[in-house]
Amino acid sequence: MTDQQVRKDDEIAEAQTQAVIDSAHLEGLEIKSLTQWQLARRKFFQHKLAMTSLVILLLVFLAALFADFIAPYDFAEPDVPNRSSPPTFEGQHYFGTDKIGRDYFSRTLFGTRTSVYVAFIVASVSTVIGVIIGGVAGYYGGAIDNLLMRMTDLFLTIPFLAILLVLSAFLGAGSPVRVAFILGFLFWTGLARIVRGEFLSLREKEFVEAAKVLGASDSRIIFRHILPNTLGPIIVNATLTVAAAILVEAALSFLGFGVQPPFPALGVLIADGQDSLTTLWWLATFPGLTIVLIALCINFVGDGLRDAFDPKQRVK
Amino acid sequence: MAENLVEMRELVKQFPVKSGLLQREVATVNAVAGVDLDVKRGETLGLVGESGCGKTTLGRMLVRLLEPTSGTINFDGQDVTHLSDRELKPFRKRVQIIFQDPYSSLDPRAQVGESIAEGLRLHGIGDKDERRERVTDMLELVGLKADHVGRYPHEFSGGQRQRIGIARALILKPDLVVADEPVSALDVSVQAQVLNLLKELQDELDLTLMFIAHNLGVVEHISNRVAVMYLGRIVELTDRDTLYANPLHPYTEALLSAIPIPDPDRSRDRHILQGEIPSPLNPPSGCHFHPRCPIARQGLCDVEDPRLMEGPDEVDHLAACWLRAGDRAVAGV
């Protein structure tokens, strides 16, 4: 290649680029670019199922959060004249009352609050643990990786419910916070594996090496370059963990090893209602439906987020 | 000031091959197997070889992304072979690298300005305004616009991204830049632009450049001296004009004959090499090139391992070939 040829090539390439831009302007097209976050947001907003689910979820969460103002009755106070009332609009017992006259709409609201509260703690705790363990394993590799991942495998092979029962029996069940932390310490394995994989592949990327050559420390590389690029999968996983935690907490409370009365968690309400399923059918049904609704909506939102963060799925 | 900015001696990099449940080490790959190479101040040293010959590993050791297994690297009088990350910090300011892949070499979630300014921030150079000014100056120097600072990498073409990568490497005003196949992922027309840019910047900023490529045509355009690498070793080293006019090593001849001539009426004698590049896991005996060499002599080349030896011509011309360089070849034995 002579210098002259090279210069000519330069000019041709520049002219071509300019021509493309000019023709775009002529056609009235605006060349607009979006960041990855903007793209993800746009894709998420176009995901109808996820958006509908998100609206429903927000309504349910707000209702639970402001249960004190919305609930027509106290969750523990019996409305004695209206014992064993089926769902009715007259006495504002929308979900009916139990044998001693407690209003089940109010109890379900407060129960949702407890369950959602527990689920968010579980998601936070497990996300923090999962990111740390997965990140350390993926970034440092070698023996540390081996050790941490075998530990993760161990956690995955232990039967979940059995260890939960043992732990809560051992530590004493009861307060929602304690149940949440027990669950959080068992829920991180999936995320740890995902984060490890992401770190493993990002660690080898040239932009990470470039940062190293510029003199960046390990912690700067991890927090400034690798972690921001793994946020997508982490957010999706945290969302799905909320749904899973609500279900497991309900199961645990139903079995009597989770949240204990007087805290009205949804699982506790179902357990209370099961004795009279044939006569007072509404007692177990409405808290049950609430669980299904929440879990379903969160899963749809999680799917929507996953699609949004997937660069292979384009904006329609 | 010494003439050589970098002196590499007996440099070796081995990678372990692990296998099985316990990840036992079953073998080692000699990616770089004993390299002696100097880089002179202000020159462009081209490093050529086919893929897998260890040229990238050599470049990465030179910027200390990899720690050599043995041998020494001397940079401006200081032994940097085994320095720790902390001790390397002053060195990091003076030695930078430009990568091959313009797509994976920029952080997709960082604005271009942030990526370029990172070196300044890490070395505590300037306040925010000064850094911003230097970044915009640098962007203009590499042929981009100052208002590109706030954009993200995916908004740029491959050639533009490579310019950003160059800006990031040059912002600290390094003495030495290792360019690891900086144009092989680009279109031919864009290749020329980026090569010219590198050449201009080198004059302007007084850079020493080690330019790695698998293509002798690209290297010819930019280098003062050229080193040819084969299976972890340098097999020929001389100035550009001598190498292209009068190659000594049969491997260099084969590489040269593979450069396409942009003229359909001309044809050239092509030395097409037989066979594949041997595995560095199990290199051939004697001269590593002898199984593919058209002139190999039995009983010599497959037994004795040639080192770099002075060729018969007047100029500084080293080749690792028993038949073309060294006392025996000169004497015509």
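**Exercise 1. Which residue in strand 10 of chain B is the bridge partner of B:Met229?** Work outwards from that pair to describe how strand 10 is placed.

*Solution.* Keep in mind that this is a predicted model.

Step 1. Start with the pair itself: B:Met229 has B:Ile234 as its bridge partner in strand 10 of chain B.

Step 2. Now look at the strands around this pair. Strand 9 of chain B, residues 225–230, runs antiparallel to strand 10 of chain B, and six bridges join them.

Step 3. Follow the chain through the turn. The two strands make a hairpin with two residues between them, and B:Leu231 in that turn has a positive phi of about 50°.

Step 4. Look for another partner of strand 10. Strand 12 of chain B, residues 317–319, is also joined to strand 10 of chain B, by three bridges in an antiparallel arrangement. Here B:Thr238 has B:His317 as its bridge partner.

Step 5. Finally, check the burial of strand 10 of chain B, residues 233–239: six of its seven residues are buried.

**Exercise 2. Describe the overall build of chain B.**

*Solution.* Step 1. Begin with the secondary structure: chain B has ten helices and twelve strands.

Step 2. Turn to its compactness. With a radius of gyration of 21 Å, close to the 20 Å from the globule rule for 333 residues, chain B is as compact as a globular protein of that length. Along the principal axes, its C-alpha atoms fill a box of roughly 70 × 60 × 45 Å.

Step 3. Add burial and contacts. Of the 333 residues in chain B, 44% count as buried. Among contacts in chain B with a separation of 6 or more, 63% link residues 24 or more positions apart.

**Exercise 3. Which residues have the most contacts inside the largest nonpolar core?**

*Solution.* Step 1. This core has 164 residues, and those with the most contacts inside it are A:Ala245, B:Met210, B:Phe211 and B:Val228.

Step 2. Ask which element gives the most to this core: helix 5 of chain A, residues 104–140, with 14 residues.

Step 3. Take a closer look at A:Ala245. Leaving out residues up to four places away in sequence, its contacts include A:Val118, A:Ala119, A:Leu183 and A:Phe187.

**Exercise 4. How many residues does each chain bring to the contact?**

*Solution.* Step 1. Chain B brings 29 residues and chain A brings 23 residues.

Step 2. On the side of chain B that touches chain A, helix 6 of chain B supplies the largest share, five residues.

Step 3. By type, the residues on that side of chain B are ten nonpolar, ten polar and nine charged.

Conventions
Residues are numbered from 1 along each chain as its sequence is written. Chains are lettered from A and ligands numbered from 1 in the order in which they are written. This is a predicted model: local features need pLDDT of at least 70, side-chain atom pairs count only at pLDDT 80 or more; totals for chains, interfaces and linings use all residues. Two residues are in contact if their C-beta atoms, placed from the backbone, lie within 7 Å. Helices (H or I, at least four residues) and strands (E, at least two) are DSSP runs, numbered from the N terminus. Ala, Val, Leu, Ile, Met, Phe, Trp, Tyr, Cys and Pro count as nonpolar, Asp, Glu, Lys and Arg as charged, and the others, Gly among them, as polar. The radius of gyration is taken over C-alpha atoms; the globule rule is 2.2 Å times the number of residues to the power 0.38. A residue is buried if 20 or more other C-beta atoms lie within 10 Å of its own, exposed if 12 or fewer, and partly exposed in between; C-beta atoms are placed from the backbone. A nonpolar core is a set of buried Ala, Val, Leu, Ile, Met, Phe, Trp, Tyr and Cys residues joined through C-beta atoms within 7 Å. Two strands pair if DSSP finds at least two bridges between them.
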